[in-house]
Number of protein chains: 2
Amino acid sequence: MTKKIILTIILICFVFFLFAPAFADEGMWTLDNPPITQLQSKYGFTPAAEWLEKVRLASVRFNDGGSGSFITSTGLVLTNHHVAVGQLQKMSSAEKDYVKDGFYAKTTSEEIKSPDLEINVLVSMENVTGIINKAIKDLPAEKALKARQASIARITKEKMDKTGLRADVVSLYYGGEYWLYGYKKYRDVRLVFAPEKQVAFFGGDPDNFTYPRYDLDFAIFRVYENDKPVKIENYFKVNPQGAKDGELIFIPGHPGSTKRLMTYAELEFLRDFVQPYRLEKYARTLSALEDYSKKGTEEARRAATMIFSLQNAYKAYLGRQQGLLDKKLMAKFKKEENNFKAKVAANPEFKKEAMSSWDVITKTVKLHEKEFNNLNFHTLQGGKLPGMGRFITQYVVEIKKPDKDRIEGYHESQLDEKKYYFLSPAPVYKDYEETLLADFLKHALKRLGPNDKFIKIALNGKSPDERAKELIQQTNLDDPKFRKALLEGGEEFVKKCGDPLIVLSWQLDPIRRESVKWSEDNLESVMTLNSEKINKIRFKIYGKSAYPDATFTLRLAYGKVAGYPMNGTLAPHKTTFYGLYDRYYSFDKRYPWSLPERYIQAKDKFDLSAPVDFVSTADIIGGNSGSPVINKDAEFVGVVFDGNIESLVGDFIYDDTANRAVSVHSGGIIEVLNKLYGAEDLVKEILNK
Amino acid sequence: MTKKIILTIILICFVFFLFAPAFADEGMWTLDNPPITQLQSKYGFTPAAEWLEKVRLASVRFNDGGSGSFITSTGLVLTNHHVAVGQLQKMSSAEKDYVKDGFYAKTTSEEIKSPDLEINVLVSMENVTGIINKAIKDLPAEKALKARQASIARITKEKMDKTGLRADVVSLYYGGEYWLYGYKKYRDVRLVFAPEKQVAFFGGDPDNFTYPRYDLDFAIFRVYENDKPVKIENYFKVNPQGAKDGELIFIPGHPGSTKRLMTYAELEFLRDFVQPYRLEKYARTLSALEDYSKKGTEEARRAATMIFSLQNAYKAYLGRQQGLLDKKLMAKFKKEENNFKAKVAANPEFKKEAMSSWDVITKTVKLHEKEFNNLNFHTLQGGKLPGMGRFITQYVVEIKKPDKDRIEGYHESQLDEKKYYFLSPAPVYKDYEETLLADFLKHALKRLGPNDKFIKIALNGKSPDERAKELIQQTNLDDPKFRKALLEGGEEFVKKCGDPLIVLSWQLDPIRRESVKWSEDNLESVMTLNSEKINKIRFKIYGKSAYPDATFTLRLAYGKVAGYPMNGTLAPHKTTFYGLYDRYYSFDKRYPWSLPERYIQAKDKFDLSAPVDFVSTADIIGGNSGSPVINKDAEFVGVVFDGNIESLVGDFIYDDTANRAVSVHSGGIIEVLNKLYGAEDLVKEILNK
């Protein structure tokens, strides 16, 4: 035991600095470049090409922000409850609250179609770095940006036209590589099962991003094509045994964004500008929505999902900010950048190519700081309706131009998705929209001041509350039929319609276009070009041993099931239903540790020692929510739903001492479906019995 | 919720600095000076004199290191399992292991007498500061020390002779006050109930000093006089409802030692010398005992209790050391001392009296540093037998002197307890003793080097292992009859007996006496006198609003039942048996999260939602183990057994944001006694039914 104690101390003190690069289960790897060496040396496993292909084709992206996977040949897709909740909210009404009460379709005829969900499967990947590089070769920054945009617009439209796929060009390693990804898209996605939010999100905001955890954060959809369930060849067979302590696991999914390859100047900018702005924004909007919620149970229902999102974001950003405010961590980033720069400086060719780029980026960041408020607030926001107004006013103008001359967002390959969301039949609540718009206007007024040109037009001499009220109460944009008419009516119809939000959008359009143009000319073009330069040299120095920062595209993370040192003791690798009830009773049944009636009634009727959640060392980040956890036989053993509190600096750094991905255990899912929800038929389908 | 979030941040950032002095539930108060003002202003409760007297008389001290309380008129005393375990170990044998298997006496005739337990009740308290001060008035440091010792020897002997009580003079506030405490002592203390160690210490070393926790760390004794259970007037009636979240509670008990009023120079000395030495010692001895344990199950049984103690001490000291290595915390201590010194400097009288004392203490500490190894290692240690050899050789010499001229430890008032332990019938295992002695000799050799005079005599040219073997194998000191003969035989008999450990004690005696004398003349006398000076001025400046550092004498702590921010979320105010089983299953039943068979069999047969442990803000420290938690009606609602990980800096500072005392809940005790141990009769007696 002494040896163990001493060893523990040595480990805590030194392992990170000495050994971490060699042994950490780090990385969100693209599927063209999986971490073969690491997997072979540490786990003795080599993924075959077929294995990788199956993993890619069984993994899905939820385009409203999350991941998931096919778990049967019959088109069942499993994801998180908190990924599904946006659609659950849109399916619900004052009469039927699927968020609160959950949902189970005993037969396919009872399944409910999601109003505006699109899920994607990555079916083709092509490296187009050469094409893009050729298009921008030797151009100055501004022209390079335009040329790059035009080239991407062309490539994606070609792909789309040829294959019918959704086509995206993805910039990896900050322009070190460009890839053309082709996605099969599904828009007929029907809800099969969702538990009650109170058990999916047991422990609420306090327990969010923590572990030990007891959340059944999963939901099940079924994908349809031509009004029939799709037949799926590549899916992850559910293994209800889950994964053992120490077992190798993989997490394929769509991590949203990391900043591990950013320059130090950009990290400082994040710390001093972006993060404080976001935290302020989340806190303000939360406060506004909490006041709104207090008006009644229906208001509380309408705002519940957004409140969850904002609390989630607030806690995540607070954790990140603690990382950025950690002087030791920042010194480590600085040191790493200096090491990299020293290598660049030591090679005349590299030096000539990229050495000045750090200074250019630093200067550009300083320029961004000066315009920070204008860039953030010169676009009308708050709720859904302002964005709809902006879309339609820009759309009718842009589609008249050749594709290559349009502003970003309105290229042919981008319009299909935009129109889909614009026409969504999901309910829009005017009182809720009014609350969010008023909140934005107040925030903009505070940051821009009353004499700003945007503020003058946006407020039109009124108070934010008055202005939000008149705009929202008088607009018809909440009506999908009106939006359809606008889309079909063209520029003249839109200009004449007189809808106050559209009128305001026309008025603000020049300011927004000016803002976007200034940003492209002075920031984006310069940043992209110089980031590309730095990251091309990074490749030449370090090879492709690194993985690119997350971009909400398919990645493969790996690791093992493992507890970790926590709070002076150890956190176990898994939790059980006993713990769910412990937390329920130990907080005297108080919200957010209350339980749905079903769980209170049934507590003696099922196996409380069954696993609920478990943790693994795999390197994930927001966007990975809903990702399957699979074993080396590509069987489904769980679904990722969170990182622990120690993982919140994961935007910038990965440390497998305590950074853990938190997942719902496959055994827990099967146990509750069978014993608590009477969903034996669904279980039979899932287990293929 | 936003307001809550913002409030939380504000609280975390500022509350400690701005408000802590006014609102924290801080302090280990002597019963002559309870925190009346704090209790009135914060909790609206004023303890009456009768309430305080009852609390004092119902609280007991376990002299081998812990606290406890009377819980019935029939002499039942409840304490921690880990306080009782020393006696359980001594009662056990290879055949009967009460530590592992627990114990329950269904009738009084089955109760087992503790071999050498003494428990004390504080029945009288007299302030003797004036007497001591008079005795040392105007004397130089060395003479003052002798005069103080002589004065204390006289006062305590008088008290003992007059009342038959155990009499101690206690120095409070580092000599700011001296009190004569009279204790009623009980030596016939019989074991009534103990659970299995595996559930008393569930989670073992990893979970030690952490929370949420699920330990049934309690044991019950019965006190006898004249072979009959004592009749007790003052006891804490057990309230099985426990205390509610937020309820005011009190913890009367015997905190061992704190260093909150120490000078900064002494804290640095702790950090740089004492703590590293202790950590090294604990780690070495643990390692030696773990090797010994591996020899067999009986060896493992013999060493188990000491291993627990050492692991416990190691973790506690590691936590303290983290506090001392925390630069912000140390800067805070420095600032506080500077503020105090500024006040002293501002008053000519105070300045003259005490200003130079800080420098004197700093110089004395530097002197101590130089002699640190000699002072620590020039006394033979390791196991029980070397101490027994030393005691008898010094005893036969010292008792021939007048009381006032004897060395410390051999005054009349101190001998009764010494002889009691010397004659203890508790088993002594030679192989175990040999392991500990060899470990000490190796450590001493490492620290002192082979040419040290102590080492030369102690090793006598042999290796530590050889020497320990010959000394322990050949000594008869393990035989209580031989010890009795030594005690009765006097100086001549002891000198002639030829027992190798006693021979060695004679040889080492001059070195030890020299070491003690040097320490008294150069360190203790100077430190005591100057600490007294500083702390007398502290009284004059701050009044008696402060509480003295802990001295293993009776204190009253207070606070409320309350969870706390932990690991990114909240720790609940209590835990339940559901959590016990969660941790058992979540670690796959692995030790130290395994459970006794009784708990595995019975898990569906009792109320798992019953409380196990709970936390409160009361300010406690090692020595408080076994202290009752009582409500304002002086009812027993639980028994303290630990502090959380955040409390480990409690030696130096108290911060009620997260510092919590962890206790077993009265409801949990009653539940298991009734439902798992078939101890219904005991429960009836406890609940007076």
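Which residues in α7(B) meet α8(B)? I shall return to this shortly, after a brief word on the model as a whole.

Good morning, colleagues. The structure before you is a predicted model. I begin with chain A, which contains 25 helices and 20 strands. Its C-alpha trace spans about 70 × 70 × 50 Å along the principal axes. For 689 residues, a compact globule would be expected to have a radius of gyration near 26 Å, and the 25 Å of chain A agrees with that.

Next, the relation between the two copies. A turn of 180°, with a shift of 0.0 Å along the axis, lays chain A on chain B with an RMSD of 0.0 Å. The two copies are therefore related as by a two-fold rotation axis. Both copies use the same surface, since 100% of the contact residues of chain A recur in chain B.

I turn now to the helix pair of my opening question. Two packed helices are described by the angle between their axes and the distance between the axes. In chain B, helix α7 covers residues 129-136 and helix α8 covers residues 141-163; their axes come within 8 Å and cross at roughly 140°. That angle makes α7(B) oblique to α8(B). The crossing of the two helices is right-handed.

As for the residues themselves, α7(B) contributes B:Ile131, B:Ile132, B:Ala135 and B:Ile136. On the side of α8(B), they meet B:Ala144, B:Ala147, B:Arg148, B:Ser151 and B:Ile155. By character, the residues of this contact divide into seven nonpolar, one polar and one charged.

Thank you for your attention.

Key. Residues are numbered from 1 along each chain as its sequence is written. Chains are lettered from A and ligands numbered from 1 in the order in which they are written. This is a predicted model: local features need pLDDT of at least 70, side-chain atom pairs count only at pLDDT 80 or more; totals for chains, interfaces and linings use all residues. Axes are lines fitted to C-alpha atoms, for helices over the stretch in contact, and angles run from 0 to 180 degrees between N-to-C directions. Helices (H or I, at least four residues) and strands (E, at least two) are DSSP runs, numbered from the N terminus. Angles under 35 degrees count as roughly parallel, over 145 as roughly antiparallel, 65 to 115 as roughly perpendicular and the rest as oblique. A crossing is left-handed if the near helix is turned anticlockwise from the far one by less than a right angle, and right-handed if clockwise. Two residues are in contact if their C-beta atoms, placed from the backbone, lie within 7 Å. Ala, Val, Leu, Ile, Met, Phe, Trp, Tyr, Cys and Pro count as nonpolar, Asp, Glu, Lys and Arg as charged, and the others, Gly among them, as polar. Copies are superposed by least squares on the C-alpha atoms of residues with pLDDT of at least 70 in both. The radius of gyration is taken over C-alpha atoms; the globule rule is 2.2 Å times the number of residues to the power 0.38.
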